[in-house]
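Look at the sequence and the structure below. The paragraphs that follow deal with charged side chains that pair up, and then with two helices that pack together.

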Amino acid sequence: MTSIGRMYSTTALVIVLFAQTCVSAGLPSRVISVDASSKVGIIKRVNDVDNGPLCQRGIVDLSRYYKELGIRNVRLHDVPWTYDNVLDINYVFPDWNADPSRPESYDFQQSDFYIKTITDLGINIIFRLGYSAEYKTSVRHNAPPDSYDKWADVAAHIVAHYDQGWANGPKANIRYWEIGNEPDGDSLVFWKGTPDSFYRLYDTVARRLKSIDPTLKVGGPAIVGSLPFLRGFLLYCQQHRSPVDFVSWHMYTQDPHEVVQHANDIHQVMTQYGFQNAESILDEWNYSPSDWRKMFVDPVATREYFDAAEDSFGAAFDATVMTELQDAPVDIATFYSGTTFMWGLFTSSGAPQKPYYSFLAFQRLLETPKRIAIKPLNEKSLVALAGVSEDSKMVRVLVTNLDSNRRRVRLEISHLPWNGGSVYEQSIVDSDHDLTAVKSGPLVNAGQSIEVEVDGPSVSLITVHPVAR
């Protein structure tokens, strides 16, 4: 490892990362400088997921993986697709003609069990009030209800069950209650009413929930992407003084940098209508097909998409998004999804896929939560994020190469927060490795150098710490 004390202090160290063979022999090295003495905040936790650990009707239990990822928040939506007929209003309150004030009108048993498997792990819940996606079925629940007040009353009793113990509820202390899902979608899967009819439903339900507990965090509308819909929603809420504690939204794209742009656009709209202090929650995000119309129609396009989303490219895409979200106005981000579903982190049998290891690398980066400065800023296909531990005995750097080509990268780390010798370890997520340690060695004396490989697409986690004494 080469010392560069001429440029930095005597504690400055250099980690040199070279690809095995560059696509072009003349490709210049990319230098990324990390100053461990320059703190720029706290690394934001953006590696949470949609849905709980029970999948395949409970045959697959992902609890140990959720613990390993350090999941703090899950947003519950489309749970019937991976577990059982639970949580949605049509399952919890199966007979619309029943009396919502009577406990026997509800079926909470299986939903309670599912909720408990999440809260037992110490995970917070964003509970989506509404319905899961319903495709090619004789029954859909996407029409405006015949009584908004009754819908709100049912929702209020669900909240009372989970937070206040009504009807032998578990007192799960669920703070976030989301009203609706993707009412702006072109396919009308979730809402076939007018935008105004949804705004009115939201207002009716949000007021009812706040009436039973003003401390609840109530929000929505979980838009799939329509800023005009969001403007109309927030204008309505502004004019009617509707409670909005958070604004939720979704983003599926092939460009990870577009997530940040959309986050800024969302925040701008929130500010325009006076909701700049509400939380911004990105509660669905993932890599997108190039053409949604081909999904499940064109088998070649369908397979190509899922192969990309589930392999090392998907891992690099996800790590790029989590890195870029550090400077975006987003308070909570939940990946769709943490389950065995088609867009999940696991196979149908519960085996981790490549993106899982990308999330695991990010979780390990969070063990060094004090973010430190990196120069130059990230580029389109090569991004990095670095932190130092609370006890100043470890520095970690996450380097993501989204490009399919190998890259020459020189990572320079200066002002390490300890004296004496150091050692490093590099772990990789790529087509051949699942966050596997591939290189390690000492960083002790001047004149030493270390070569490690950064292929593409890939995610590298580099750990530096003092030599044990």
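A residue counts as buried when its relative accessible area is under 20%, as exposed when that area is over 50%, and as partly exposed in between. This scale is applied here to a predicted model.

Begin with the salt bridges, of which a search of the whole structure finds 19. One of them joins E178 to R75, with 2.9 Å between the closest N and O atoms. Where do the two partners lie? E178 belongs to strand β8 (residues 176-179) and R75 to strand β6 (residues 73-76), so the salt bridge ties together parts that are 103 residues apart in sequence. E178 has a relative accessibility of 0% and therefore counts as buried. R75 also has 0% relative accessibility, so R75 is buried as well.

Now turn to K116 and D120. These two form a salt bridge whose closest N and O atoms are 2.7 Å apart. Are its partners buried or exposed? K116 has a relative accessibility of 48%, so K116 counts as partly exposed. D120 has a relative accessible area of 54% and is therefore exposed.

A further salt bridge is formed by the side chains of D213 and R175, at 3.4 Å from N to O. D213 sits in the loop between α6 (195-212) and β9 (217-223), while R175 sits in the loop between α5 (148-164) and β8; the two are 38 residues apart, and the pair links distant parts of the chain. D213, with a relative accessible area of 14%, is buried. For R175 the relative accessible area is 26%, which means that R175 is partly exposed.

Salt bridges can also share partners. Which residues are joined into one network in this way? They are D50, R75, E178, D283 and E284. The pair of E178 and R75 described above is thus part of this network.

The last topic is helix packing. Two packed helices are described by the angle between their axes and by the distance between the axes. Helix α8 (residues 256-272) packs against helix α10 (residues 312-324) at an angle of about 30 degrees, and their axes are 8 Å apart. Angles under 35 degrees count as roughly parallel, so α8 is roughly parallel to α10. The two helices cross in a right-handed sense.

Which residues make the contact? From α8 they are P256, H257, V259 and V260, and from α10 they are F317, T320, V321 and E324. Sorted by character, the residues of this contact are five nonpolar, two polar and one charged.

Key. Residues numbered from 1 in each chain as written. Predicted model: local features only at pLDDT ≥ 70, side-chain atom pairs only at ≥ 80, totals over all residues. Heavy atoms only, no water. Salt bridge = Lys/Arg side-chain N within 4 Å of Asp/Glu carboxyl O. Helix = DSSP H or I, 4+ residues; strand = E, 2+ residues; numbered from the N terminus. Buried < 20%, exposed > 50% of the residue type's maximum accessible area, 1.4 Å probe, protein only. Axes fitted to C-alpha atoms, helices over the stretch in contact; angles between N-to-C directions. Parallel < 35°, antiparallel > 145°, perpendicular 65-115°, else oblique. Left-handed = near helix turned anticlockwise from the far one by under 90°. Contact = heavy atoms within 4.5 Å. Nonpolar A, V, L, I, M, F, W, Y, C, P; charged D, E, K, R; others polar.
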